[in-house]
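I opened this entry to keep track of what I looked up, going from one residue outward to the chain.

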Amino acid sequence: MKKHFLYLSLLTDLLIVCFAFTACGGDDGDDTGTGPTVNGKRIVSWTSVEVDDRWAGHETTGTLEYNSKGQIIQGSNNDYVITYVYENSKIIRTTNSSESITYNLSDGRIVSDSDGNTYEYDSNGYIKKMVIKGNGTYDFIWDYGNIAKIIKNNDRTTTFTYTTISTSLLPLYNYGDNFLYFDDILAMQGYYGKRCKNLPSSTTHNKGDNMYDYTITNGVVTKSILYYTSDHKMIYTYNWE
């Protein structure tokens, strides 16, 4: 797993629940390049706890920082810190462990990166394909504004079902290991195209099924649970300001 940025390394911790493409403002997810807000509030911190019948659970905490334009400029996950610099045609991400990657932009979307990965979009602004160096090709099948399937190398398929909850109420989430090559923080700002319309309720893939549950308080999601099995789950709580 590549530092789950899918912020999930920062973040999946964060959420698992990466990807992907959460709405930053309106449900259509067209406002590329700013951190997601709901009623003037943003997620500024979170905690995640892994619970299994074999152990008590490991807790992780994280924070997000924004600039005056609303862009996310830094995220932290315990002692791991990622910093973002935004330029006209690229975004540079560095970490406190001396990692660095540059994302190249076209029409406000990431089309390639310095790791040799490429990303393609359809005429409606949805991602349709990503080619990951050394890992293969991922094709995206969309249905009514949500990802219905992701097919890896024309072989492994992940399918999704959805709630009626808008992604704008929880801008940080992912869809499991299909998105390990996305940066969640950039995805939630629209840099990988339009986001899904709704939050997922389940995913089905070669490792089994995952289920999701959400708690809404004062118009935003303040808690989510990812169930790997009935005895193994990740519990996330979110602080909005």
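I first fixed the term polar contact: a pair of N or O atoms within 3.5 Å, where within protein one must be able to donate a hydrogen and the other to accept it, and residues adjacent in sequence count only if both atoms are side-chain atoms. By that rule, the side chains of Thr95 and Ser97 make a polar contact at 2.9 Å.

I noted that this is a predicted model, in which local features need pLDDT of at least 70, side-chain atom pairs count only at pLDDT 80 or more, and totals for chains, interfaces and linings use all residues. Residues are numbered from 1 along each chain as its sequence is written, and side-chain values use heavy atoms, with hydrogens and water left out.

I then asked whether Thr95 is buried or exposed. Thr95 counts as buried because its relative accessibility is 11% (buried is under 20%, exposed over 50%, partly exposed in between, with a 1.4 Å probe and protein chains only). I placed Thr95 in strand β5, residues 90–95 (strands are DSSP runs of E, at least two residues, numbered from the N terminus).

I looked for what Thr95 touches beyond four places in sequence, and found Tyr80, Val81 and Ile82 (contact means heavy atoms within 4.5 Å). Val81 lies 14 residues from Thr95 in sequence, yet 5.6 Å away in space, C-alpha to C-alpha.

I followed Ile82 next: its bridge partner in β3 is Gly75. Strands β3 (residues 72–77) and β4 (residues 80–86) run antiparallel, joined by four bridges (two strands pair if DSSP finds at least two bridges between them).

Last, I recorded that buried residues make up 51% of the chain's 241 residues.
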